[in-house]
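This briefing is meant to be read with the sequence and the structure side by side. It takes up contacts between helices, then the interior, then the surface.

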Amino acid sequence: MGGSSVVRVLGPQAAIVLAHPGDFALRTLKSFRANQGLLLAGAVAYYALLSIVPLLILVVIALSHWIDPAELLQTLGRYLEWLLPGQSRTIVGELANFLEHRGVIGWVLFATMLFFSSLAFTVLENAMSVIFLHRVAIRRRHFIVSALLPYCFILFLGVGLLLVTLVSGSLQAMGQESVQFLGRVWSLGGVSGVLLYLLGVGGEVFVLTSVYLVMPVGRLSLRHALIGAVTAALLWELTRHVLVWYFTTLSQVSVVYGSLTTAIVVLLSLEFAATLLLLGAQVISEYERVGKERPGVPPQGLRTG
């Protein structure tokens, strides 16, 4: 009776995964390895490194027409820390410097930044095609859609940053207030901090869900996208705290790389983030095929030649 109720509520796929979580996790890791997941993540991280600065420059210049640049950079720095632990201050400093000289931007430089800011999304789409090969084999995406998709994501991220800036500004203002209750004055600073953290986690899950909904070929169910997004977000939360601890206590990267330290640390952080992003996609891919393939069949990964 209990098993049948689980099947009705969560579906047969969830029932199988919950019954054998270790087998599902092991198969996901084997498929990720067969698909050369670390190699794909390295490509995504490299192009993300090329894309992140021009992308942020375009978004900040566009939004500075409606939001105070100082407030915008403060919000951006807070949430860049989620993606690039320990390096957000350096990048925000470069963005502030660029904002002061935005009048020198010509059409050629604008087009160049727009092109480089879209590279990471293009490579990410190709990496998703490898992981969701069973979808690509059935249905291919029109090349015009693939060409426009990165720029739609840039617009989407700009709107998202606008909303996050407005909400986080309100939460920060709330943190400076206090309430009187039972004869004592209670500061709202702690509540504001918790809400800001939850806003960051929620925004992270939302962005990941949108990536998993749009990047793979064909229509992906919202439930499957959420499964991958929550998995990747939880793993990244653990990873970024480990990275912060490592870079602040044990790392000697500045001694080894000198002036290249920022680029190396950013690339390493992006490598971890891209790996978990693609691993979340692999979770969705394996979840889609639960119960549809014969048990014991080894995963079919990326093949060349």
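**Contacts, core and surface patch**

Phe24 is buried, since its relative accessible area is 16%, which is under the 20% cut-off used for that class. The model is a predicted one, and the points below follow Phe24 to its aromatic partner before turning to salt bridges, the nonpolar core and a nonpolar surface patch.

**Aromatic pairs**

- The structure holds three aromatic pairs, and one of them joins Phe24 and Tyr287 edge-to-face, with 6.4 Å from centre to centre and 90° between the planes.
- Because Phe24 belongs to helix 3 (residues 21–34) and Tyr287 to helix 14 (residues 261–288), this pair ties together parts that are 263 residues apart in sequence.
- Tyr287 also counts as buried, at 6% relative accessibility.
- Another edge-to-face pair is made by Phe115 and Phe116, whose ring centres are 5.4 Å apart and whose planes are at 75°; Phe115 is partly exposed at 44% relative accessible area, and Phe116 is partly exposed at 33%.

**Salt bridges**

- A search of the whole structure finds three salt bridges, among them the one between Arg27 and Glu286, in which the closest N and O atoms are 3.2 Å apart.
- Arg27 lies in helix 3 and Glu286 in helix 14, so this salt bridge ties together parts that are 259 residues apart in sequence.
- The two partners differ in exposure class, as Arg27 is partly exposed with a relative accessible area of 25%, whereas Glu286 is buried with 3%.
- Glu286 forms a salt bridge with Arg289 as well, with the closest N and O atoms 2.7 Å apart, and Arg27, Glu286 and Arg289 are thereby linked in a network of salt bridges.
- Within helix 12, Glu237 and Arg240 are three residues apart, about one turn of the helix; they form a salt bridge whose closest N and O atoms are 2.8 Å apart, and both residues are buried.

**Helix 5 and the nonpolar core**

- Helix 5 (residues 69–83) has 15 residues and spans 21 Å from its first C-alpha to its last, close to the 21 Å expected at 1.5 Å a residue.
- The buried residues of helix 5 are Leu72, Leu73, Thr75, Leu76, Gly77, Tyr79, Leu80 and Trp82.
- Leu80 also appears in the largest nonpolar core, which has 60 residues, where Leu80, Leu95, Leu124, Met128, Tyr212, Met215 and Leu278 touch the most other members.
- At least two residues of this core come from each of helix 4, helix 5, helix 6 (88–100), helix 8 (119–131), helix 10 (143–175), helix 11 (189–214), helix 12 (222–249) and helix 14, and helix 4 gives the most, with 14 residues.

**Nonpolar surface patch**

- On the surface, Tyr46, Leu50, Phe115, Phe116, Tyr151 and Leu267 form a nonpolar patch that together has about 510 Å² of accessible area.
- Helix 4 (37–63) and helix 7 (107–117) are the elements that give two or more residues to the patch.
- Tyr46 lies in helix 4 and counts as partly exposed, at 44% relative accessibility.
- Helix 4 therefore takes part both in the nonpolar core, to which it gives 14 residues, and in the nonpolar patch on the surface, while Phe115 and Phe116 are both members of the patch and partners in an aromatic pair.

Conventions: Residues are numbered from 1 along each chain as its sequence is written. This is a predicted model: local features need pLDDT of at least 70, side-chain atom pairs count only at pLDDT 80 or more; totals for chains, interfaces and linings use all residues. Side-chain values use heavy atoms; hydrogens and water are left out. Patches are made of residues with over 30% relative accessible area and no salt bridge: like charges are joined within 9 Å, nonpolar side chains (Val, Leu, Ile, Met, Phe, Trp, Tyr) within 5 Å. Accessible areas come from the Shrake-Rupley method with a 1.4 Å probe; for residues, only the protein chains shown count as cover. A salt bridge is a side-chain nitrogen of Lys or Arg within 4 Å of a carboxyl oxygen of Asp or Glu. Helices (H or I, at least four residues) and strands (E, at least two) are DSSP runs, numbered from the N terminus. Buried means under 20% relative accessible area, exposed over 50%, partly exposed in between (1.4 Å probe, protein chains only). Rings of Phe, Tyr and Trp (its six-membered ring) pair if their centres lie within 6.5 Å; planes under 30 degrees apart count as stacked, over 60 as edge-to-face and the rest as tilted. The expected span of a helix is 1.5 Å times one less than its number of residues. A nonpolar core is a set of buried Ala, Val, Leu, Ile, Met, Phe, Trp, Tyr and Cys residues joined through side-chain atoms within 4.5 Å.
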